[in-house]
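Visitor: I have a structure to go through and would like to talk it over piece by piece. Could you walk me through it?

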Amino acid sequence: MSNTPLFDKIDEYARRRRVSFAMPGHKGGKGLDRTIQHNPFRLDVTELSDTEDLYAPSHALSSSRQAAAEFFGAQDTFFLVNGSTAGIYAMLAASCSPGDTVLVNRACHASVINACVMLGLSPVFIKQDIIDSFAIPAAINQKNVADMLDKYPNTKAVLVTSPSYYGLASDLSVLAKITHTRGIPLLVDEAHGAHFAVDESIFPKTAMSQGADLSVQSAHKTLNALNQASYLHYNSDIIDKDRVRDALRMLQTSSPSYLIASSADLARGELVSSGKRMWNALFERCENLREKVAARTKVKFMSMLMNSQYNIEKVDETRIVMNFSAYKTTGFEVSDMLREDYGIDVEMADLLNIVCIATPANTQSDFAKLERGVTAICDSLAPAETEPAFPPPPIPDMAMTPQKAFYSKGSYVRLDEAVGCVSRSTVIAYPPAVPIICAGELVTGECAGYISALMEVGAKLIGLNENGFISIVE
Ligand SMILES: Cc1ncc(COP(=O)(O)O)c(C=O)c1O
């Protein structure tokens, strides 16, 4: 074989058969439908006369979209083959024009800011409270949204993330009322909630059922679907559906993978036929794990928070967030130990927490290994000397639009030298890919200090160059 380092690396990773509490939801194929497992490649076709046009569906695709819309409570559902990222771009492209103002929660995914750069939009950010004990953003405060809409009456759309990466869902029905009384659409990044519709008695209510105009869900994050398989749900009197379709046609690949789209269809079919049973069983497994770990360690769990606190509508109990603030460690270190010493991949880590994405494809043995790994790690850790306080910095002022900053001439400087300058970069801690500084914002001392501290503890930062320098507008 010729030199194929990427293939070799991924192949070697796959052979290790690690326990996965990360994406994709099918966990190394374990959860995938047999038809796909057996020979996926025969389904790897794109648009042909026999396979239909993704945006002008006739028989089979129309029926699949209809079935998905019915299950997810939408008027129509589009299949996405380039992830929720493409859906977020399309939601904004369909509801705004260049120069428009959009109201966005600050702890949004990077794709929201990138969409603002591409589409020439002015984002105005909804400040989010911080849950001190976890040092993470709380759910969306509806009063903040109403106040911001009063302050920015020309806002053309409101886009919020719910649930968050940490599984906190906001009360979207109140938000829908607030935006709709002003004739503004509510767009929801529900990337982490594709499983919610399966049982609203145990999961948060979906964005569709609460009146959102558009929502995106990443099937690949929590369902048995291939990477990038996602849904865009439509249910709007404000947004033109044809504009959503046209935006998707522009933003997604012109060679859509029917392997990916079929996996989104199969994942929906599975939710309909056996989803309730599968997800209820997983719910119990997660509860069981929390009880066992809580009894043997000082780990705190997100689900211990009261739902009514921090504007939380409901916590997704299958999103396992473990908080290690009682120990002298960081979430990054715990994640490294789980990987190196126990062969377990978690979805993400931050200073205090690790986040595990559990899905029905995780076996009882996966859970037992996670429980053993976490309890053994805790046994080896010293107690924390002081409660760490690491709240994200305040939102900096925006000096120019993200698009103007992106297209400005710039240069890379040290973080401390950048204070007071306009950033050309959007600096993101990854995951959860939430912006610390957005392109067009003034770099503050607090942001620079926060980024430096994150670098010191081994966080992965996007938007800086290889020397850790930031790009500023000259
Ligand atoms: C909150 C949120 N929104 C959107 C995305 C993008 O989703 P996708 O990977 O399906 O493009 C992510 C990805 O992690 C995310 O966490």
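Visitor: Let me start with a loop: where does Pro-163 lie?
Guide: Bear in mind that this is a predicted model. Pro-163 lies in the loop between S7 and strand S8, the latter covering residues 168-170.

Visitor: And what is the peptide bond from Ser-162 to Pro-163, cis or trans?
Guide: That bond is cis, with omega near 5 degrees. A cis peptide bond also joins Met-23 and Pro-24, where omega is about -5 degrees, and Pro-24 sits in the loop between strand S1 (19-21) and helix H2 (34-38).

Visitor: Staying with backbone oddities, what is the phi of Arg-17, positive or negative?
Guide: Arg-17 has a positive phi of about 50 degrees although it is not a glycine, and its place is the loop between helix H1 (5-16) and S1. Gln-228, likewise not a glycine, has a positive phi of about 85 degrees and is found in the loop between helix H8 (219-222) and S11.

Visitor: So is Gln-228 buried or exposed?
Guide: Gln-228 is buried, because 23 other C-beta atoms lie within 10 Å. Arg-17, in turn, is exposed, because it has 10 other C-beta atoms within 10 Å.

Visitor: Now the sheet. What is the order of its strands?
Guide: The sheet is open and has seven strands in the order S2-S11-S10-S9-S7-S3-S4, with mixed pairing. At its edges are strand S2 (76-80) and strand S4 (122-126), each of which pairs on one side only, and the twist averages 20 degrees from one strand to the next.

Visitor: Which helix packs on the S2 side, touching S2 and S11?
Guide: That is helix H3 (residues 59-72), which touches S2 and strand S11 (230-234), and its direction makes about 115 degrees with that of S2. Helix H6 (residues 142-151) lies across S3, S4 and strand S7 (155-161), and runs at about 140 degrees to S4.

Visitor: In which sense do S2 and S11 pair, parallel or antiparallel?
Guide: S2 and S11 pair in the antiparallel sense over five bridges, and within that pairing Phe-78 stands opposite Leu-232 in S11. Strand S10 (residues 214-218) pairs with S11 in the antiparallel sense as well, over five bridges, with Gln-217 standing opposite Tyr-231 in S11.

Visitor: What about S3 and S4, parallel or antiparallel?
Guide: Strand S3 (residues 101-105) and S4 pair in the parallel sense, over five bridges, and there Leu-103 stands opposite Val-124 in S4.

Visitor: Back to S11: how many of its residues are buried?
Guide: Five of its five residues are buried. In a regular strand the side chains alternate between the two faces of the sheet. In S11 both faces are covered, with Ser-230, Leu-232 and Tyr-234 buried on one side and Tyr-231 and His-233 buried on the other.

Visitor: Changing topic, which residues are closest to the ligand?
Guide: The ligand is surrounded by 14 residues, of which the closest are Gly-83, Ser-84, Thr-85, His-109 and Ala-191. Helix H4 (residues 83-95) supplies the largest share of that shell, namely three residues. By character, the shell around the ligand divides into four nonpolar, nine polar and one charged residue.

Visitor: How is the protein divided into domains?
Guide: The assignment gives domain 1 (34-268), domain 2 (275-380) and domain 3 (402-473). The C-alpha centres of domain 1 and domain 3 lie 27 Å apart, and the contact between these two takes ten residues from domain 1 and twelve residues from domain 3.

Visitor: And which element gives the most to the side of domain 1 that touches domain 3?
Guide: H5 gives the most there, with four residues, and the residues on that side of domain 1 divide into eight nonpolar, two polar and no charged.

Visitor: How many residues of H5 are buried, then?
Guide: Helix H5 (residues 110-119) is mostly covered, with seven of its ten residues buried; among them are Val-112, Ile-113 and Val-117. Just after H5, Gly-120 takes a positive phi of about 70 degrees.

Visitor: One last residue: where does Val-272 lie?
Guide: Val-272 lies in helix H10 (residues 258-296), and is partly exposed, because 14 other C-beta atoms lie within 10 Å. Val-272 and Ala-197 are 75 residues apart in sequence and 9.7 Å apart in space, C-alpha to C-alpha.

Key:
Residues are numbered from 1 along each chain as its sequence is written. This is a predicted model: local features need pLDDT of at least 70, side-chain atom pairs count only at pLDDT 80 or more; totals for chains, interfaces and linings use all residues. A residue is near a molecule or strand if its C-beta atom, placed from the backbone, lies within 6 Å of it. Helices (H or I, at least four residues) and strands (E, at least two) are DSSP runs, numbered from the N terminus. Ala, Val, Leu, Ile, Met, Phe, Trp, Tyr, Cys and Pro count as nonpolar, Asp, Glu, Lys and Arg as charged, and the others, Gly among them, as polar. A residue is buried if 20 or more other C-beta atoms lie within 10 Å of its own, exposed if 12 or fewer, and partly exposed in between; C-beta atoms are placed from the backbone. Two strands pair if DSSP finds at least two bridges between them. Axes are lines fitted to C-alpha atoms, for helices over the stretch in contact, and angles run from 0 to 180 degrees between N-to-C directions. Two residues are in contact if their C-beta atoms, placed from the backbone, lie within 7 Å. Domain bounds come from an automatic or database domain assignment.
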